[in-house]
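The exercises below are meant to be worked through with the sequence and the coordinates side by side. Please attempt each task before reading its solution.

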Amino acid sequence: YSDARQRVRSLGPFGFMQAYMSQPKSQLETFKAWAGISSDISYYLNSHHIDWHCWAMQGIALPVCVTAMASKGFASGLLKRDVDDSITLMVQWMDKETGSTGTATYTSSWIASESDCHSQQRFFYQAHQGEINVDQAHRGYSANLGGRRALNPLFMNYTQGPEGEFVGQSSYGYISFSKFVEAAKLVERNPNVLESLNAKLPTASSTMLVTAILQAGRESLRTNLPVQILHEGPVPTLKTP
C-alpha cells in the first residue's frame, strides 16, 4: 500500500477508485456487543481504504461530497436489531490545482462467506496517466491446512522461529505499533516534530478527512441525502441539505 501511494501521486489527477474490504459473517458474534449500536461496518472497515486514499491525495485533492447506501437483512436477523450488512460510500473528490473531479466507491461488509482468507482487501485506482490494482489479501502464498488458505505473513508472522521465539517483528502489523511508540517518544522529547509526522503516520491531524468522510456517510444514510464536505477552515465541516 505504501508503494502504491507513492506511485499514484505521480499519475496525474485522480479519476476513479473502487475499494472493497470484508470480514466473515462469523465475526458478527464477536462484534455483537457494539455492531450497529456504537459503530458500523463502514467505520470499522471502510476506514482502511479511505485512510489510504486520503493519505495518497495529501496536497493533491479533497473530498467534497458523500452519498451512502446500505444493504440490510442478515445481520439484523442475527442480532435482532437494525444493523447494516454492507455499506458503500460514493465520494466525489476535487483536484486542488486543476479543479477536475474524480469518484471513489468504498464498500465494506461483515456478512462475507468463509473463504481462503479472513478479510478480502482490494482496490482499483485510476488516474489520468495510469492505473493500479491492489489485492492485499492474496500474495501468491497459499496452503491447504484442512482447507485452502491464502497466507499473509507480511501482515503478521505467527509462525515461531527455530527456538520457538516470536519472529514477527518485520511484519507490517507489528511495525505499525512500533512506529506509533517511536513517534510518541519523539513527540515527548520534541513536540515540534509532530508536523513532520503528519505526512508519515495516521496522526489525529492527518486523519481529519477520514473522519469527515465516515461521518458524512453515516449522515447520508440517516437522511438519505448527499452530504457536502466543506473546507473553509482548518477542520473540515459537513453540510446537509
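**Exercise 1. Determine which secondary-structure elements each supply at least two residues of the lining of the second largest pocket, and describe that lining.**

Solution. Begin with the elements: in this predicted model, strand 2 (61–72) and helix 7 (208–223) each contribute at least two residues to the lining of the second largest pocket. Next, consider the volume, which for the second largest pocket comes to about 460 Å³. The lining consists of 20 residues, and those closest to the centre of the pocket are Gln-58, Ser-205, Ser-206, Met-208 and Leu-209. Finally, sort the lining by class, which gives eleven nonpolar, seven polar and two charged residues.

**Exercise 2. Lys-80 has a positive phi; establish where Lys-80 is found and whether Lys-80 is buried or exposed.**

Solution. The backbone angle comes at the start: phi of Lys-80 is near 60°, a positive value in a residue that is not glycine. As for its place along the chain, Lys-80 belongs to the loop that runs between helix 4 (74–79) and strand 3 (84–95). The last step applies the cut-off for exposed residues, over 50% relative accessible area; because the value for Lys-80 is 70%, Lys-80 is exposed.

**Exercise 3. Carry out the corresponding analysis for Asn-224, which also has a positive phi.**

Solution. Asn-224 is not a glycine, yet its phi is positive, at about 60°. Tracing the chain places Asn-224 in the loop between helix 7 and strand 9 (227–230). Its relative accessibility is 68%, and therefore Asn-224 counts as exposed.

**Exercise 4. Identify the residues that make the nonpolar surface patch of about 460 Å², and classify Tyr-158 by its accessibility.**

Solution. The patch is made by Leu-154, Phe-155, Tyr-158 and Tyr-172, with an area of about 460 Å². Taking Tyr-158 from this group, one finds it in the loop between strand 8 (148–150) and helix 5 (172–189). The relative accessibility of Tyr-158 is 68%, so Tyr-158 counts as exposed.

**Exercise 5. Decide whether Met-21 is buried or exposed, and find the separation of its C-alpha atom from that of Asp-3.**

Solution. Met-21 is part of strand 1, which spans residues 14–24. The cut-off for a buried residue is under 20% relative accessible area, and because Met-21 stands at 3%, Met-21 counts as buried. For the distance, take the C-alpha atoms of Met-21 and Asp-3, residues that lie 18 residues apart along the chain: the separation is 19 Å.

Methods. Residues are numbered from 1 along each chain as its sequence is written. This is a predicted model: local features need pLDDT of at least 70, side-chain atom pairs count only at pLDDT 80 or more; totals for chains, interfaces and linings use all residues. Side-chain values use heavy atoms; hydrogens and water are left out. On a 1 Å grid over the protein atoms alone, a cavity is a set of points where a 1.4 Å probe fits but cannot get out, and a pocket is an open set with protein on both sides within 12 Å along at least five of seven lines; lining residues have an atom within 4 Å of a point. Grid points are joined across faces, edges and corners, and a volume is the space filled by probe spheres set on the points. Helices (H or I, at least four residues) and strands (E, at least two) are DSSP runs, numbered from the N terminus. Ala, Val, Leu, Ile, Met, Phe, Trp, Tyr, Cys and Pro count as nonpolar, Asp, Glu, Lys and Arg as charged, and the others, Gly among them, as polar. Buried means under 20% relative accessible area, exposed over 50%, partly exposed in between (1.4 Å probe, protein chains only). Patches are made of residues with over 30% relative accessible area and no salt bridge: like charges are joined within 9 Å, nonpolar side chains (Val, Leu, Ile, Met, Phe, Trp, Tyr) within 5 Å. Accessible areas come from the Shrake-Rupley method with a 1.4 Å probe; for residues, only the protein chains shown count as cover. A salt bridge is a side-chain nitrogen of Lys or Arg within 4 Å of a carboxyl oxygen of Asp or Glu.
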